[in-house]
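Reader: I am new to this structure and would be grateful for a close look at one helix within it. Please begin with the chain as a whole, and then lead me to that part.

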Amino acid sequence: AVNWALFGASTIASQYMISAIRANAGQVSWVVSGSRDRAERYARDNGIARGTSEMEEALNDPSVDAVYISSTNEKHKDQALAAIAAGKHVLCEKPLAMTLSDAARMVAAAREKGVTLMVNHHLRCAGSHRAIRKLIAEGAIGALRSVRVFHAVHLPEHLRGWRLDNPGAGGGVVLDMTVHDTDTVRFLLGEDPVSVTAETDATGMGAGVEDSAMSVWRMQSGTMVFSHVSFNHPFGTTGVEIHGSDGAIFAPGVISQDPKGEVWLTTSEGRREITFDRGNLYDSVLVEFGKAVRGEAHSGATGLDGVKSLAVALAVREAARTGQRQPLQFEE
Ligand code: NDP
């Protein structure tokens, strides 16, 4: 069983990750927060043995195997580097870091130390997306033509903090949601984007950051991808459509933290619903994390996957800022 320290007394940890860790027979023995009071309160509320404002206290505990980082985005890099230096495995929230060079440093540090660095891109661990990936790989829709990702929703009231008004903490919808779209599309298609163009908008929900973005990517195979993200679409829904020469996949509702949505395959033979595993997405992330720690093959998002999703998000922002198509190049 994996013994965890949480870095960040966050909503995602209390809503999803603590229960997912426990569902995987893991335990949570520390929570580290910027404030000691808050750490202690969060520990009490969530049944965690110890809360502290000093991450070294948790890192010096030899019984801690892994650290889950879900602090605000500007803290991910230093916390991950400290955890890696202490020989702990790391599951880090997206975006991995604020800059590509920081993200690359994290990947290099984990490689040198021989510990696992995984990114919590949960959508690739959803039964729905696994089913879509399998259909594409089996050739169910023939040669790919285009992908459309719908991820324009309404940011829940309780999350309307740093995401909307703190660029320094990594606020803005692009670092929050375009990174997920990127990882999902890369997972579904098994290839990387090579360039992006984009427009972003501030429709009134944020201050100092964009709350909406539309971007178009060209993939290595030439396939075009459209990604629409927003915090400010009160009547929006999510979904993915993949169009090919011999069919199309329509998957409404599948961009979610929960095992929701439907997957439909349409070909010349008609339209049929594809059933998929409705297990908890974050449980599934932790199963993949366990495999990675044991050195087994896994389908979780690696540090390099996190670098790539950050690279696309930063390129989307730059494309919107400059009006210029941004080329992307990845070193493996
Ligand atoms: P929260 O705003 O809930 O938490 C982020 C930090 O804000 C916490 O670490 C905490 O700081 C501080 N904080 C939170 N609530 C309070 C409060 N009531 N009073 C004072 N401080 C507070 O963020 P999220 O959980 O939404 O996101 C955390 C990270 O997880 C981000 O990197 C985000 O991108 C990622 N995320 C990923 C998701 C996924 O599905 N993969 C989904 C949602 C978020 P401190 O620790 O110092 O106390």
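Author: For a chain of 332 residues, a compact globule would have a radius of gyration near 20 Å, and the value of 19 Å found here agrees with that. The model is a predicted one. Its C-alpha trace spans about 60 × 40 × 40 Å along the principal axes. Of the 332 residues, 49% are buried. Among contacts with a separation of 6 or more, 67% are between residues 24 or more positions apart. In secondary structure, the chain comes to 10 helices and 16 strands.

The domain assignment divides the chain into domain 1, residues 3–115, and domain 2, which comprises 123–279 + 300–327. Between the C-alpha centres of the two domains the distance is 26 Å. Where they touch, domain 1 contributes 16 residues and domain 2 contributes 19 residues. On the side of domain 1, helix H1 (11–23) and helix H5 (100–113) are the elements that give two or more residues to this contact. H5 gives the most there, with 6 residues.

The helix to be examined is H2, and the sheet that contains its partner strands should be described beforehand. Seven strands form this open sheet, in the order S3-S2-S1-S4-S5-S6-S15, with mixed pairing. S3 and strand S15 (301–302) are its edge strands, each pairing on one side only. Within the sheet, strand S1 (residues 3–7) and S2 run parallel and are joined by 5 bridges. Phe7 has Val32 of S2 as its bridge partner. Helix H4 (residues 76–85) packs on this sheet and touches S1, strand S4 (66–69) and strand S5 (89–92). The direction of H4 makes about 160° with that of S5.

Helix H2 itself covers residues 36–46, and its buried residues are Ala39, Tyr42 and Ala43. When H2 is viewed down its axis, these buried residues fall within an arc of 100°, so they line one face of the helix. A general property of helices is relevant here: an α-helix has 3.6 residues a turn, so residues three or four places apart point the same way. The buried residues of H2 pack against strand S2 (27–32) and strand S3 (50–52). Asp37, Arg44 and Asp45, on the other side of H2, are exposed. Just after the helix, Gly47 takes a positive phi of about 65°.

A second sheet completes this account. It is an open sheet of 9 strands in the order S14-S13-S12-S11-S7-S10-S9-S8-S16, and its pairing is also mixed. Strand S14 (270–274) and strand S16 (326–327) stand at the edges with a single partner strand each, so one side of each has no neighbour in the sheet. Strand S11 (residues 238–244) pairs with strand S12 (residues 247–252) in the antiparallel sense, over 5 bridges. Val240 stands opposite Ala251 in S12. Helix H8 (residues 173–189) packs on this sheet, where it touches strand S7 (144–152), strand S8 (193–201), strand S9 (212–219), strand S10 (224–230) and S11. The directions of H8 and S10 make an angle of about 150°.

Terms used. Residues are numbered from 1 along each chain as its sequence is written. This is a predicted model: local features need pLDDT of at least 70, side-chain atom pairs count only at pLDDT 80 or more; totals for chains, interfaces and linings use all residues. A residue is buried if 20 or more other C-beta atoms lie within 10 Å of its own, exposed if 12 or fewer, and partly exposed in between; C-beta atoms are placed from the backbone. Helices (H or I, at least four residues) and strands (E, at least two) are DSSP runs, numbered from the N terminus. The arc is that of the directions from the helix axis to the C-beta atoms. Two residues are in contact if their C-beta atoms, placed from the backbone, lie within 7 Å. Two strands pair if DSSP finds at least two bridges between them. Axes are lines fitted to C-alpha atoms, for helices over the stretch in contact, and angles run from 0 to 180 degrees between N-to-C directions. The radius of gyration is taken over C-alpha atoms; the globule rule is 2.2 Å times the number of residues to the power 0.38. Domain bounds come from an automatic or database domain assignment.
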